[in-house]
Amino acid sequence: MDLDSKLQNLLNEQINHEMSSSYVYLAMSSWFEETPYSGFAQWMYTQSLEETDHAMKFYRFLADRNAKVELMAIEQPSADYDSVLDVFKASLGQERRVTAQIHDLYSLADEVRDHETKNFLNWFLDEQVEEEKNVRDMIDRLELVGVNPVGLLQLDQEAAGRKPVAASGAV
Ligand SMILES: [Fe+2]
Ligand SMILES: [Fe+2]
């Protein structure tokens, strides 16, 4: 079944949203590179790679469905943050925006009765629950330690252990 044209456009936009996300996380990683928190830098770097991988999943899906892939310009990300907590709060905002985008995609796929796209999007629905949870957990603990350097360094060390989730194997 050919992809509905509106759905095709929205899936193409999602490639861009995921690549933009990847860029935002890379900017966050570079912000941490200038601080003592190499673990948080690692966390954001890993996150950036995962977002690129998400973009590749959308790319692959469009190509496999015989739809035209359209790549769009990626906006320059902000790298202006006040604190570790500030970066993670921005990350949560980023993930919530992406969750809303996936919901819009799912609603449209449902409307046009594209069951294959709905099935494809299920992975992303689960992924967004996981990502929002991970960031929220980190925010809760960052709020707990406040500006205590020992606590912050402990969380930083923990963040360094984050392993990338293998998705499409593209990166
Ligand atoms: Fe993503
Ligand atoms: Fe994400």
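This is a guided tour of a predicted model, stop by stop, with a selection to make at each one.

**Stop 1: the iron ion (ligand 1)**

Select the iron ion (ligand 1) and show the side chains around it. Its protein donors are Glu18 (OE), Glu51 (OE) and His54 (ND1), at distances of 2.1 to 2.2 Å. Along the sequence these donor residues follow the spacing E-x32-E-x2-H.

Now keep Glu51 and His54 selected and display the backbone. Both belong to helix α2, where they sit three residues apart, about one turn of the helix.

Are these two residues buried or exposed? Glu51 has a relative accessible area of 1%, so it is buried. His54 has a relative accessibility of 2% and therefore also counts as buried.

**Stop 2: the iron ion (ligand 2)**

Select the iron ion (ligand 1) and the iron ion (ligand 2) together. The two ions are 3.4 Å apart, and Glu51 coordinates both of them. Helix α2, which covers residues 38-64, holds Glu51, while Glu131 is in helix α4, residues 115-145; the pair is 80 residues apart and links distant parts of the chain. Glu51 and Glu131 are both buried.

Next, show the residues around the iron ion (ligand 2). Which protein atoms are its donors? They are OE atoms of Glu51, Glu95 and Glu131, with Glu95 listed twice, and they lie 1.8 to 2.4 Å from the ion. In sequence the donor residues are spaced E-x43-E-x35-E.

Use the angle tool on this site if your viewer has one. The angles among the four donor atoms run from 54 to 148°. The site is irregular because four donors count as tetrahedral only if all angles lie between 85 and 135 degrees, and as square planar only if opposite donors are over 155 degrees apart.

**Stop 3: the largest pocket**

Turn on the surface and select Ser20, Ser21, Val24, Glu75 and Gln94. These are the residues closest to the centre of the largest pocket, out of 16 that line it. The volume of this pocket is about 290 Å³.

Colour the helices separately to see where the lining comes from. Helix α1 (5-33) and helix α3 (84-111) each supply at least two of the lining residues. Which helix gives the most? The answer is α1, with six residues. Sorted by class, the lining holds seven nonpolar, seven polar and two charged residues.

**Stop 4: Asn16**

Stay with helix α1 and select Asn16, which is part of it. Asn16 counts as buried because its relative accessibility is 13%, and the cut-off for buried is under 20%. Add Met72 to the selection. A polar atom of the Asn16 side chain lies 3.1 Å from the backbone oxygen of Met72.

**Stop 5: Asn66 and Arg113**

Go to the loop between α2 and α3 and select Asn66, which lies there. Its phi is near 65°, a positive value in a residue other than glycine. Most residues other than glycine have a negative phi. Asn66 has 67% relative accessibility and so counts as exposed.

Then move to the loop between α3 and α4, where Arg113 is found. Arg113 is not a glycine either, and it has a positive phi of about 55°. With a relative accessible area of 58%, Arg113 is exposed.

**Stop 6: Asn119**

Select Asn119, a residue of helix α4. Is Asn119 buried or exposed? Its relative accessible area is 57%, so Asn119 is exposed. Add Ala109 and draw a line between the two C-alpha atoms. The residues are ten apart along the chain, and their C-alpha atoms are separated by 9.6 Å.

**Stop 7: Glu158**

The last selection is Glu158, in helix α5, which covers residues 149-160. Glu158 has a relative accessible area of 44% and is therefore partly exposed.

Show Arg141 as well. The side chains of Glu158 and Arg141 make a polar contact at 2.5 Å. Finally, add Ser83 to the view. Glu158 and Ser83 are 75 residues apart in sequence, and from C-alpha to C-alpha they are 18 Å apart in space.

Terms used:
Residues numbered from 1 in each chain as written. Chains lettered and ligands numbered in written order. Predicted model: local features only at pLDDT ≥ 70, side-chain atom pairs only at ≥ 80, totals over all residues. Heavy atoms only, no water. Donors = N, O, S within 2.8 Å, 3.2 Å for Na, K, Ca; no water. Tetrahedral: all angles 85-135°; square planar, octahedral: opposite > 155°, others 65-115°. Helix = DSSP H or I, 4+ residues; strand = E, 2+ residues; numbered from the N terminus. Buried < 20%, exposed > 50% of the residue type's maximum accessible area, 1.4 Å probe, protein only. 1 Å grid on protein atoms, 1.4 Å probe; cavity = no way out; pocket = protein on both sides within 12 Å on 5 of 7 lines; lining within 4 Å. Points joined across faces, edges and corners; volume = space filled by probe spheres on them. Nonpolar A, V, L, I, M, F, W, Y, C, P; charged D, E, K, R; others polar. Polar contact = N/O pair within 3.5 Å; in protein donor to acceptor, adjacent residues only side chain to side chain.
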